[in-house]
Protein chains: 4
Amino acid sequence: MSAAGANKGRQDMSKAKPKTRDADATRARILAAAKQEFADYGLGGARVDVIAERANANKRMIYHYFGNKEALFRTVLVSAYVDIRTAEQALELDHLSPREALMKLVAFTWNYYLDNPEFLTLVNSANLHKGRHLQDSDEIIQVSRQYVGLVGKILQRGVDEGVFREGIDPVQLNITIAAIGYYYLTNRFTGSILFEREFMAPDRLKERLEFNIETILRLVGAENP
Amino acid sequence: MSAAGANKGRQDMSKAKPKTRDADATRARILAAAKQEFADYGLGGARVDVIAERANANKRMIYHYFGNKEALFRTVLVSAYVDIRTAEQALELDHLSPREALMKLVAFTWNYYLDNPEFLTLVNSANLHKGRHLQDSDEIIQVSRQYVGLVGKILQRGVDEGVFREGIDPVQLNITIAAIGYYYLTNRFTGSILFEREFMAPDRLKERLEFNIETILRLVGAENP
Amino acid sequence: MSAAGANKGRQDMSKAKPKTRDADATRARILAAAKQEFADYGLGGARVDVIAERANANKRMIYHYFGNKEALFRTVLVSAYVDIRTAEQALELDHLSPREALMKLVAFTWNYYLDNPEFLTLVNSANLHKGRHLQDSDEIIQVSRQYVGLVGKILQRGVDEGVFREGIDPVQLNITIAAIGYYYLTNRFTGSILFEREFMAPDRLKERLEFNIETILRLVGAENP
Amino acid sequence: MSAAGANKGRQDMSKAKPKTRDADATRARILAAAKQEFADYGLGGARVDVIAERANANKRMIYHYFGNKEALFRTVLVSAYVDIRTAEQALELDHLSPREALMKLVAFTWNYYLDNPEFLTLVNSANLHKGRHLQDSDEIIQVSRQYVGLVGKILQRGVDEGVFREGIDPVQLNITIAAIGYYYLTNRFTGSILFEREFMAPDRLKERLEFNIETILRLVGAENP
DNA sequence: TATGAATGAGTGTTCATTCAT
DNA sequence: AATGAATGAACACTCATTCAT
């Protein structure tokens with residue numbers, strides 16, 4: 001039996017795994033579908049039926065894996081935050097000059113919002129519901145601390161090298177970096193109408209990113225922005 | 001028309017006017033209630049019954065005056081934009097120095113968001129629905145043009161006086177002025193959790209406004225920000 | 001207009017009333033349908049859709065008039081108790097001899113259960129749910145007190161006249177009068193199988209009533225039962 | 001078989017027996033859990049998941065051993081009847097006087113209901129479903145016949161000894177003995193509210209049992225009840 | 001102008017049951 | 001023998017909207 005077991009070891013990989021992987025895969029498909037649906041229609045506007053359909057899963061499975069619609073939203077939201085924070089940590093800004101690190105971070109933030117527009121509406125939804133779904137999530141606080149530390153380190157290095165001015169609050173800087181990208185993109189629809197300008201035209205996007213980089217560099221007092 | 005109006009004036013006072021005035025009052029109450037409800041729960045989350053209740057009106061009246069829920073939202077949204085743009089036009093910035101005019105505008109924008117938080121969620125809702133409710137609204141475009149002109153004029157005066165740098169796009173500046181206040185306030189719930197900081201504490205609000213003013217002044221290149 | 005009004009007075013009876021009566025009638029139809037459905041299938045087994053259908057009403061109306069399924073059950077239950085207690089009060093037992101009054105009460109109880117079998121299952125359901133739906137109903141306690149008083153009075157008269165023995169607790173007697181009819185009828189299905197006897201055959205019913213009357217008369221000590 | 005059993009004994013202990021014993025144990029655990037769940041919530045209100053959980057068994061096992069929910073209920077119900085009838089047969093009433101035998105039977109019935117309240121709700125559920133689950137159960141009819149015979153024998157002995165009156169139908173007596181205990185206990189929740197009296201207080205229980213014994217003794221005509 | 005009654009199409013959620021291993 | 005995954009049908013309840021007056 002031990003020989004068979006050893007033999008089965010490899011073979012089982014292709015039999016047992018699918019079994020466990022099926023569950024994980026279903027869960028993942030539901031999560032992805034939910035992220036999209038919540039992003040498209042908000043928490044209230046999202047339809048559980050549609051999520052199930054989009055996930056190519058049974059509606060019952062959603063309740064089995066996530067409990068209910070709100071809990072599913074909570075999971076989606078936390079995962080969205082973890083995703084962006086994880087990507088930020090992977091930027092490897094330490095070997096860049098403070099100025100370049102900051103530019104890279106502004107550009108990354110902008111591009112992340114561009115590539116993952118669902119993040120924007122998820123956050124909006126979370127705030128429409130007064131942040132209720134983020135409460136009691138230690139994970140979120142952990143990754144956020146790392147993020148603030150990341151910006152704080154760049155700022156400190158800039159001050160030490162004499163290229164940034166002193167006394168800038170890393171949290172306020174963080175918020176502003178996010179704000180100038182977030183606002184433009186989340187309000188791209190009303191913005192395009194109000195300002196009679198195609199917000200999502202490639203040239204316009206490029207222009208805005210440059211404007212944002214300049215805004216941040218001037219803010220931290222980097223010479224020759 | 002003015003003669004007719006004068007003629008009708010007295011007669012209407014006793015019979016028709018009260019009637020029309022009641023009608024106007026009902027309409028206004030519904031509009032105010034709807035603005036609040038849409039702001040609190042979004043377009044999808046808002047309840048027609050609740051709006052009727054909040055307006056101390058009959059549900060049927062909503063349909064009588066506004067057609068349906070979406071049309072009501074459209075009206076609320078346009079009125080919200082008209083309100084803020086009207087307030088901006090009333091600022092009388094012309095007699096201030098460009099630098100002070102800009103500071104005043106940044107502060108006004110911030111305080112308007114603070115005092116009218118429903119504006120933020122209404123705009124968010126409008127964008128969740130891809131700006132659909134703002135289309136075909138000439139009124140909106142008119143007032144927006146005036147706004148851009150207002151900022152453009154300040155900018156031009158600053159350049160002429162040599163206190164602002166050249167080449168700044170008034171629209172981009174507009175957007176950034178809005179963004180740095182809007183983002184902080186609309187995301188105050190998730191922000192307070194993520195950054196472990198009470199976003200709405202009076203000191204924090206004051207701090208943010210100062211940070212924003214500095215951001216804009218440095219952006220336009222005003223010396224001694 | 002006053003003439004017309006006077007004229008309309010009677011005519012309106014046939015126009016205006018239906019309006020108000022419609023609401024009341026709908027409510028009443030729902031209540032009757034619910035009583036039947038709850039009696040047939042219990043609280044858990046009853047279907048709101050079916051109640052609406054049986055009431056020839058819209059499902060939405062049930063929620064409009066009664067709030068939810070449990071509240072509807074509560075209303076049904078209270079009304080069922082009020083109905084039987086009201087019928088008992090209408091018996092006019094005072095002018096009968098104590099012995100005949102008691103016999104009449106036993107027979108009435110039996111026949112009421114026979115004619116209103118839904119009462120039995122409603123009470124069973126209420127107890128399956130631990131009486132939760134009867135709590136906080138002052139009405140129920142009021143009518144029950146009257147009922148106990150009614151039996152107490154008969155008992156007292158019997159004692160005074162020397163035909164009943166002393167010291168019988170009216171509540172215990174009440175319970176026993178109910179029990180010997182209730183048990184036979186509510187368990188008629190299992191009873192018919194267990195005892196291989198058609199519990200609902202007319203002769204059997206008559207036989208049981210006589211047995212019950214004898215049980216009660218012997219219990220109170222009436223001579224020559 | 002005993003030899004085989006002895007032979008198998010050791011070997012089975014380690015391999016086969018646990019398996020079969022496990023199967024029986026699982027079946028028994030499911031049955032016990034089901035009895036409790038059905039008693040607590042009725043047939044419609046009982047949840048298959050909960051039964052599986054309560055039985056510390058897999059849900060699939062329920063279907064394997066019992067077919068489906070209704071069949072499980074049927075099994076539970078029959079077993080409940082067999083249990084009470086078996087306990088009654090073990091009473092050894094023959095060596096008691098008819099009067100004492102009857103008293104003991106009334107007390108036993110009462111105490112059995114008290115100790116096994118699930119029996120009451122199971123029977124109620126069975127009747128809510130029109131006794132359907134008891135049909136075609138020969139076992140039930142057999143044990144019931146024995147029960148009627150048991151009461152009939154006491155009655156006959158009493159008549160023979162001149163302490164009971166003639167002509168009492170044992171079935172009717174049976175029903176009444178059950179009724180006066182059953183009704184009080186199954187309706188203890190509504191009863192406690194209606195009669196403003198704590199039905200389950202120890203003194204109240206004792207009082208009711210004495211009342212019931214007196215009721216039955218007077219009914220059969222035993223002198224000096 | 002105003003209103004109470006009524007409704008159909010959904011909406012999140014639950015449940016007994018079967019599949020695949 | 002035992003189990004985790006999956007499902008379809010149903011269920012209580014909701015909502016924007018219309019009817020009738």
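This text walks through a predicted model, taking the surroundings of its two DNA strands and then one contact between chains.

Begin at DNA strand E. It has 36 residues around it, and the nearest are Asn58(B), Arg60(B), Ala23(C), Asn58(C) and Arg60(C). The surface near strand E draws on four chains: chains A and D each supply at least two residues from helix H3 (48-54) and at least two from helix H4 (59-66), while chains B and C do so from helix H2 (16-45) and helix H4 (59-66). H2(B) gives the most to this surface, with four residues. By class, the residues near DNA strand E are 18 charged, 12 nonpolar and six polar.

Turn next to DNA strand F, which is surrounded by 35 residues. The closest of these are Ala23(A), Asn58(A), Arg60(A), Asn58(D) and Arg60(D). Here helix H2 (16-45) and H4 of chains A and D each supply at least two residues, as do helix H3 (48-54) and H4 of chains B and C. The greatest contribution to the surface near DNA strand F comes from H2(D), with four residues. That surface has 17 charged, 12 nonpolar and six polar residues.

The last stop is where chain B meets chain A. There, 42 residues of chain B are in contact with 42 residues of chain A. On the chain B side, two or more residues come from each of H2, helix H7 (117-128), helix H8 (138-160), helix H9 (170-186), helix H10 (188-194) and helix H11 (202-220). H9(B) gives the most, with 11 residues. The side of chain B that touches chain A divides into 21 nonpolar, 16 polar and five charged residues.

Conventions: Residues numbered from 1 in each chain as written. Chains lettered and ligands numbered in written order. Predicted model: local features only at pLDDT ≥ 70, side-chain atom pairs only at ≥ 80, totals over all residues. Near = placed C-beta within 6 Å. Nonpolar A, V, L, I, M, F, W, Y, C, P; charged D, E, K, R; others polar. Contact = placed C-beta atoms within 7 Å.
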